[in-house]
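Hi,

Here is the structure I said I would pass on. Have a look at it first, and then read my notes underneath.

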Amino acid sequence: QKKGYFQSTIGRKWHYDGLGFSQRVNLPIQGIANYLVLMAGSKLLKKGYNIISQVHDSLIADFDHVPTVEEIWEFYSTCIGVQLPGYEDITDFWDGEVSIGKNLGMMVDL
């Protein structure tokens, strides 16, 4: 805090300039969550999924068909299987939810 920035476990820096106390406390949590979502999105893109957006801690994918249970499971397990560098021994720390729908306004939790 004295240096004016937060450095994550992976070495990324976020500056505190103009942030209040609660924002500074939340920054490391949201920053690492953002990194995990980006890592999951990268893995899903490599597997051929059509990732169209990231909204906070969520990934949005587009399918040209109704996804199978197996596709939904692969998507979900890829996301929760992301490993944070330096914490590879944690195997069941992340959790998530899956929703499906024709558009964001029609999403239903599975």
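Below is what I found, starting with the overall fold and ending with a few single residues.

One thing to keep in mind is that this is a predicted model. The protein has two helices and six strands, and in sequence order they run β-β-α-β-β-α-β-β. If you want a box for it, the C-alpha trace spans about 50 × 35 × 20 Å along its principal axes. Of the 110 residues, 24% are buried. As for contacts with a separation of 6 or more, 30% of them are between residues 24 or more positions apart.

You will probably want to go to the largest pocket. It holds about 1,200 Å³ of space. There are 36 residues in its lining, and the ones closest to the centre are Leu-59, Phe-75, Glu-97, Val-98 and Ser-99. Which elements give two or more residues to that lining? They are α1 (21–46), β3 (50–55), β4 (58–62), α2 (69–80) and β5 (99–100). By residue class, the lining divides into 24 nonpolar, six polar and six charged.

Next, α2, one of the elements in that lining. This helix has 12 residues and reaches 16 Å from its first C-alpha to its last, close to the 16 Å expected at 1.5 Å a residue. Phe-75, Tyr-76 and Thr-78 are its buried residues. Seen down the helix axis, the buried residues of α2 fall within an arc of 160 degrees, so they line one face of the helix. For background, an α-helix has 3.6 residues a turn, so residues three or four places apart point the same way. What do the buried residues of α2 pack against? Their partners are α1, β3 and β4. On the face of α2 turned away from the buried side you will find the exposed residues Val-69, Glu-70 and Trp-73.

Three residues are worth clicking on.

Phe-75 is in helix α2 and is among the residues closest to the centre of the largest pocket. Why does Phe-75 count as buried? Its relative accessible area is 13%, and buried means under 20%. Not counting residues up to four places away in sequence, Phe-75 touches Leu-44, Tyr-49, Ile-51, Leu-59 and Ala-61. Ala-61 is 14 residues from Phe-75 along the chain, and their C-alpha atoms are separated by 9.4 Å.

Ile-72 is also found in helix α2, but its list of contacts reads as follows: Pro-67, Val-98, Ile-100 and Leu-110, again leaving out residues up to four places away in sequence. Val-98 is another of the residues closest to the pocket centre. For a sense of distance, Ile-72 and Gln-7 are 65 residues apart along the chain, with 34 Å between their C-alpha atoms.

Gly-41 sits in helix α1. It is buried, with a relative accessible area of 7%. Leaving aside neighbours within four places in sequence, Gly-41 is in contact with Ile-51 and Leu-59, and Phe-75 touches Ile-51 and Leu-59 too. Between the C-alpha atoms of Gly-41 and Asn-26, which are 15 residues apart along the chain, the separation is 22 Å.

That is everything from my side for now.

Cheers

How values were computed: Residues numbered from 1 in each chain as written. Predicted model: local features only at pLDDT ≥ 70, side-chain atom pairs only at ≥ 80, totals over all residues. Heavy atoms only, no water. 1 Å grid on protein atoms, 1.4 Å probe; cavity = no way out; pocket = protein on both sides within 12 Å on 5 of 7 lines; lining within 4 Å. Points joined across faces, edges and corners; volume = space filled by probe spheres on them. Helix = DSSP H or I, 4+ residues; strand = E, 2+ residues; numbered from the N terminus. Nonpolar A, V, L, I, M, F, W, Y, C, P; charged D, E, K, R; others polar. Expected span 1.5 Å × (residues − 1). Buried < 20%, exposed > 50% of the residue type's maximum accessible area, 1.4 Å probe, protein only. Arc of directions from axis to C-beta. Contact = heavy atoms within 4.5 Å.
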